[in-house]
Amino acid sequence: MATVELSHDIEHHPLPCDKESLKKSIRDQLVHTVGKDPLNATPRDWLYAVSYATRQRMIERRMFTKRLYRRKGAKHVYYLSMEYLIGRMLINGLINLGIYEECATALDEMGIDLHEVAELEPDAALGNGGLGRLAACILDSLATQCMPGYGYGIRYEYGMFHQQIENGQQVEHPDNWLRYGNPWEFPRPEKLFPIRFYGRVIEHRNGSGIVRHHWEGGEEILAMAYDLPVPGYGDRNVNNLRLWAAKATRDFDLDYFNSGDYIRAVQAKNESETISQVLYPNDATAIGRELRLKQEYFFVSASLQDILDRHIRLGYRITDLPDQVAIQLNDTHPAIAVAELMRILLDEHGLTWHTAWNITREVFAYTNHTLMPEALETWPVDLMTHVLPRHMHIIYDINFHFLNDVRHQFPGDPGLVGRLSLIDEEHGRRVRMAHLAVVGSHKVNGVAALHTELLKRTLFADFHRLSNGKFINVTNGITSRLWLYQSNPGLARLINEHIGTDWVAHLDQLRQLVPLADDPVCREEFRQVKYANKIRLAEHVRELTGVDIDPEAMFDVQIKRIHEYKRQMLNLLHVVALYNRIRDGQAEHQAPRVVLFAGKAAPAYVRAKQIIRLINDVADVINHDPVVGRRLKMVFYPDYKVSAASMIIPAADLSEQISTAGTEASGTGNMKLALNGALTIGTLDGANIEIREEVGEDNIFIFGMTTDEVETLKRQGYRPRDFYERNEELKRAVDMIASGFFSPHEPDRYTGLAEHLLDVDSFMVLADFASYVEAQDRVDALFREPDEWTRKAMLNTALMSKFSIDRTVKEYADDIWNVGTYPSA
């Protein structure tokens, strides 16, 4: 009876959210949870107190939401992703709960500045790039649109790494984001699932004579759950992100300890918990590759065990799974889930192969995020057999049945069979994880219109021939709640004054700004907001790097993972060309420009790390050349993350989206920057094409080869030296880099990098240079007309509604998941 009364009390008498109630909650949390006297509490203590008070209200709504879903018998979507780039949670949580102003006022009356304490919150080190940020946006939208959705991932102890720039070079340090604890998470020690590696598979026949398998022996660790609430915007539902941490089955060996072997006493614990310590362990070594495979299986197995446990506890049969569960694989990292679900259905629930396979294909859907074959994950058969012997057996069986179907549909075509096989026999026998995901899913989606068409024409062309509507497009989106409303409060206030606040949840409302772009008063207001953002960023850059940048200058930004296909080198060559024009006295009318780079290179990606060093060396020369002065500055912003993006993006004038056509799946940075009024310079790649369709050809700077032209040049035989020899400006820039102009103490530092450009140039930097420079000259001319530039910037903001994550998620819900909406308020 007490439980029923408590349940009724929580549901019908939630914690109040007025200013005085928040003040009381914050004080109570400071004293009773943080354990500090308000008289000597530190700013970090106050951060934790207000976070706990906010979390109280989140978790109440989470309970209401769970009960609602249960009452309605709602089908759930489970999103499996190795990354969730969620950033900081406090301000986002207050905004989504609708109590930001009340909390800020409450703290102010207590003598505490909300934003000062919020700045102490670390970014959650749960992701690295666009893949993780998309996953975080999808969870936000699921909750906002009141769809039953769980995220599953790994609770990384140290994330990827904390990037520092030392002597111009990237140096990786542990990102110890949990050093002070995490006030948002709920440890769930009762949610423990065993995860097995290695061992052997025993084959036997059951009483009916059916062959069954039992996986035994090997190594076993435990996956323990940690829950993070995910609040929807506007007093809506609160969903959940469940993260798994690895725990040893035996923390401590007393026999070793008593014998004086203190290291071996805790060795098993340390080895087991390595699995959830770091995002993307360096796979340049055999040990690193094995750890990465174990990491992927660890989170997939724990998630599937949890999903099935919940499904059965709710009273459903295992065969009801497709009616109650949709599982989305975010890229190939969770693809082993196909084999793991088959293992559970076959070995633990005793289903027949046919029944288990039909359930598996109906439950799973797969999002592809790359067009580059080398980026699709594969695992050596020997490694898979060693680490996951039962799964390798199941993958062979899936392949056997699948290829039999292929042979029946296309008899006498062994080449097709080889291309479609889950096992690549030509490159050392490797398991093709993307093939496993495609075969094991009922839907496969690309993330931009061009990307999806290229998937069907190139990467998965043979699968597309076999499929019946399996491949569809769902263009990526972003959440305006974070990337405009929270990150750019000045622009948000300006929009609110003119069109109200409905746009925060309904981005199509921004179209009301279109006529205001022709209003000179509105343009001046917009320009002043941008200028204030640039002043704020300039002050931050000076504190962080020591470089003094002029907010009157054009802020030209390229903020993304450092990778050759994203072509930071193309941008850099243009900067060197601008530098030469200034030194030669040929830039008298050139607009002042600040070029800002940010992004991390994978620790084992030597050439990408060399590009970072080159950026810093070039910046050092340019920034200290008295001839250049304030006309050109260059900055590498270290340790790029969500909180950094939230400061850079609102201040950007020009958005660099310059990947080689046909290499970028979608991109979401292009959307965030355009939403905040940056003009895009870009190739016809990824979502740039759709951005051009939305904002109009006159409001974007397109350059370079198309995808078809890139393929034609490759077929003809690309000779980068021909472009180098024909373009004096390009030749001079490359020669300066190669000769040590920017590295005088080590003249041959970049000789290899330059030679690679001249002899290989895998992503056609030199081929697109002339077109890029011509587009940049158009950028420069327009920036010298500030009123027209602002008009175009306003139109970019006004016309970005297609790229709302809410549209993206609704398409997933309607076309792939078949889940409904269940508003709790």
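In which helix is Ala793 found? In this predicted model, Ala793 belongs to helix α34, which covers residues 786-798. The relative accessibility of Ala793 is 3%, so this residue counts as buried, the limit being under 20%. Ala793 and Ala517 are 276 residues apart along the chain, and their C-alpha atoms are separated by 8.6 Å. A second pair of residues can be described in the same terms. Thr355 is placed in helix α14, residues 353-363. With a relative accessibility of 29%, Thr355 counts as partly exposed, because the value falls between the 20% limit for buried residues and the 50% limit for exposed ones. The C-alpha atoms of Thr355 and Asn473 are separated by 29 Å, and these positions lie 118 residues apart in chain numbering.

Aromatic contacts were examined next. A search of the whole structure finds 24 aromatic pairs. In one of them, the ring centres of Tyr69 and Tyr822 are 6.2 Å apart and the ring planes meet at 75 degrees, so the pair is edge-to-face. This pair links distant parts of the chain, since Tyr69 lies in helix α3 (residues 43-72) and Tyr822 in the segment after α35 (805-817), 753 residues apart. Both Tyr69 and Tyr822 are buried. Another edge-to-face pair is formed by Tyr233 and Tyr485; the pair is classed in this way because the planes stand at 70 degrees, with the ring centres 6.4 Å apart. Here too distant parts of the chain are linked: Tyr233 is in the loop between β8 and β9 (238-248), whereas Tyr485 is in helix α21 (residues 480-486), 252 residues apart. Tyr233 has a relative accessible area of 17% and is buried, while Tyr485, at 25%, counts as partly exposed.

Ring pairs also join Tyr78, Tyr150, Tyr152, Phe193 and Trp244 into a cluster. One member of this cluster, Tyr150, has the charged end of Arg310 over its ring, 4.2 Å from the ring centre. In a further contact between a charge and a ring, Arg44 lies over the face of Tyr180, at 3.9 Å from the ring centre.

The strands of the model were then considered. Strands of a sheet pair through backbone hydrogen bonds, in either a parallel or an antiparallel sense. One open sheet has six strands in the order β19-β18-β17-β20-β21-β22, with parallel pairing. Strands β19 (632-637) and β22 (701-702) stand at its edges; each has a single partner strand, so one side of each is left without a neighbour in the sheet. Within this order, β17 (residues 554-559) and β20 (residues 654-657) run parallel and are joined by two bridges. Asp556 stands opposite Leu654 in β20.

Strand β11 (residues 364-367) has its side chains divided between two directions: Phe364 and Tyr366 point one way, Ala365 and Thr367 point the other way, and all are buried. β11 runs parallel to strand β10 (residues 325-330), to which four bridges join it. Gln328 has Ala365 of β11 as its bridge partner. β11 also pairs in the parallel sense with strand β15 (residues 443-446), over three bridges. In that pairing, Thr367 is partnered by Asn445 of β15.

Antiparallel pairing is found around β8. This strand is mostly covered, with 11 of its 13 residues buried. Nine bridges connect β8 to strand β5 (residues 186-197), and the two run antiparallel; Pro194 has Leu222 in β8 as its bridge partner. β8 and β9 also run antiparallel, joined by 11 bridges, and Pro229 stands opposite Asn240 in β9. The hairpin of β8 and β9 has six residues between the strands, and in it Gly234 takes a positive phi near 90 degrees.

Internal space was also surveyed. Seven cavities of 30 Å³ or more are found in a search of the whole structure, and the largest cavity contains about 250 Å³ of space. Its lining consists of 18 residues, of which Ile86, Asn92, Ala136, Asp140 and Val230 lie nearest the centre. β8 (219-231), together with α4 (90-97) and α7 (130-144), contributes to this lining, each element supplying at least two residues. By residue class, the lining comprises 11 nonpolar, four polar and three charged residues.

How values were computed:
Residues numbered from 1 in each chain as written. Predicted model: local features only at pLDDT ≥ 70, side-chain atom pairs only at ≥ 80, totals over all residues. Heavy atoms only, no water. 1 Å grid on protein atoms, 1.4 Å probe; cavity = no way out; pocket = protein on both sides within 12 Å on 5 of 7 lines; lining within 4 Å. Points joined across faces, edges and corners; volume = space filled by probe spheres on them. Nonpolar A, V, L, I, M, F, W, Y, C, P; charged D, E, K, R; others polar. Phe/Tyr/Trp six-rings, centres within 6.5 Å; stacked < 30°, edge-to-face > 60°. Buried < 20%, exposed > 50% of the residue type's maximum accessible area, 1.4 Å probe, protein only. Lys NZ or Arg CZ within 6 Å of the ring centre and 35° of its normal. Pairing = 2+ DSSP bridges.
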